[in-house]
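Work through the exercises below with the structure in view. Each task is followed by a solution in steps.

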Amino acid sequence: MISLFPDMITEACNFSIIKRALKENLIEINAVNPRDYTLDKHKKTDDTPYGGGAGMLLSCQPYIDALENIQKTENSKTIIMTPQGKCFNQSMAKEFSQKDQLIIICGHYEGFDERIIELSKAEEVSIGDFVLTGGELPALCIIDSVIRLLKGVLGDMESAEYDSHSDGLLEHPHYTKPRKYKGLEVPEILLSGNHEKIKEWRRLQQFIVTQKKRPDLFEKFLNSKLSDFDKIILKKFKII
C-alpha cells in the first residue's frame, strides 16, 4: 500500500479476519509513505495544478520513487485508486487473489498528476460512482475482499464460494436460533433435514432475492450459461 496515511491502513488491518490472517502469516501487509521519498526539504508531496484550478495535486517524484523502491515479485499487480477507474467487483477480487503481490496506490486531495498513472502502468480501479477524500478506504475494501478469498483465511472456503456475487447472484436468506422471534419463524424447510430440498430452496431464494433487489444482475445471470440444476428450478417455480 502506498499511502500518505499509512496508519489508516495498519490500524484498520488490526481487527477480525485480516488480523488473524496476519497473525498466521497467511498474508503480509506493508504501508509505504511516499513522504519518505520526497526530495522536497519540507516533505511536500503535492503542488498546485498547472493551468489553475482548485485543490492540490499529488506530485510524480515521491510516488514513483516509492513504487520503484518496492521489491516486486514475478506475479505482481499494481492498481491505483481513482474515480475514473473500472468499478471493482467480485470477478476482480478473484483475479487479484491469484496474485502473489498486490500493490495499491492511494491518492488524496484533488488527485494525481496524470504521469503517476502513466509511469506506474497501474490499472485504475474505483469502488463506485462517488468521491471520497482519499484512496485509503476504497483500498481497504479491496484488501478485505481479496484476502477472504485466499486459502486458509476463512477456514471454510465454502463461506467465500457461496457469498453474494460469487456466481452472479445475491445470497439466499440465512437464519439461526431462536426458531421463533417476535412472530417471525424460520422457514420450515430449513428444519426438515432434507438436504436436497434445502439446496433447492436456497437456490430458489437466490433467484427471488436477486430478481427483486438487483434486477440488472438477474437479467445478466439469465443471459449466462445456466446449469441444468438452475434451469430445472427456474422452470419448476416459473421464475422465467
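**Exercise 1. Strand pairing**

Find the sense in which strand 2 and strand 5 pair, and place both strands in their sheet.

Solution. In this predicted model, strand 2 (residues 57-58) is paired with strand 5 in the parallel sense, over two bridges. At the residue level, Leu58 has Phe112 of strand 5 as its bridge partner. Next, take the sheet as a whole: three strands lie in the order 1-2-5, the sheet is open, and the pairing is mixed. Strand 1 (46-47) and strand 5 (111-112) each have a single partner strand, so they stand at the edges and one side of each has no neighbour in the sheet.

**Exercise 2. Nonpolar cores**

Which residues have the most contacts inside the largest nonpolar core, and which elements each supply at least two residues of this core?

Solution. The largest nonpolar core consists of 23 residues, and Phe96, Ile104, Val125 and Ile142 have the most contacts inside it. Helix 2 (16-23), strand 3 (76-87), helix 4 (90-97) and helix 6 (136-147) each supply at least two of its residues. Helix 6 gives the largest share, six residues. Now take Ile142 alone. Setting aside neighbours within four places in sequence, Ile142 is in contact with Ile79, Met81, Phe88, Phe96, Leu102, Ile104, Val125 and Ile127. Finally, there is a second, separate core of 17 residues, which includes Leu4, Ile80, Phe112 and Ile116. As background, nonpolar side chains in soluble globular proteins tend to be buried together.

**Exercise 3. Cysteines**

Determine how many disulfides the model has, and explain why Cys87 is not in one.

Solution. The cut-off for a disulfide is a pair of cysteine sulfur atoms within 2.5 Å. By this rule the count is zero. For Cys87, the closest cysteine sulfur is that of Cys141, and it lies 11 Å away, which is too far for a bond. Cys141 is likewise in no disulfide, as its nearest cysteine sulfur, that of Cys106, is 11 Å away. For exposure, Cys87 has a relative accessible area of 42% and is partly exposed. Cys141, at 43%, is also partly exposed.

**Exercise 4. A helix pair**

At what angle do helix 8 and helix 9 pack, and which residues make the contact?

Solution. Helix 8 (residues 195-213) packs with helix 9 (residues 215-222) at an angle of about 125°, and their axes are 5 Å apart. The angle makes helix 8 oblique to helix 9. On the helix 8 side, the contact is made by Arg203, Phe207, Thr210, Gln211, Lys212 and Lys213. Helix 9 contributes Pro215, Leu217, Phe218 and Phe221.

Definitions and conventions. Residues numbered from 1 in each chain as written. Predicted model: local features only at pLDDT ≥ 70, side-chain atom pairs only at ≥ 80, totals over all residues. Heavy atoms only, no water. Buried < 20%, exposed > 50% of the residue type's maximum accessible area, 1.4 Å probe, protein only. Core = buried A, V, L, I, M, F, W, Y, C linked by side-chain atoms within 4.5 Å. Helix = DSSP H or I, 4+ residues; strand = E, 2+ residues; numbered from the N terminus. Contact = heavy atoms within 4.5 Å. Pairing = 2+ DSSP bridges. Axes fitted to C-alpha atoms, helices over the stretch in contact; angles between N-to-C directions. Parallel < 35°, antiparallel > 145°, perpendicular 65-115°, else oblique.
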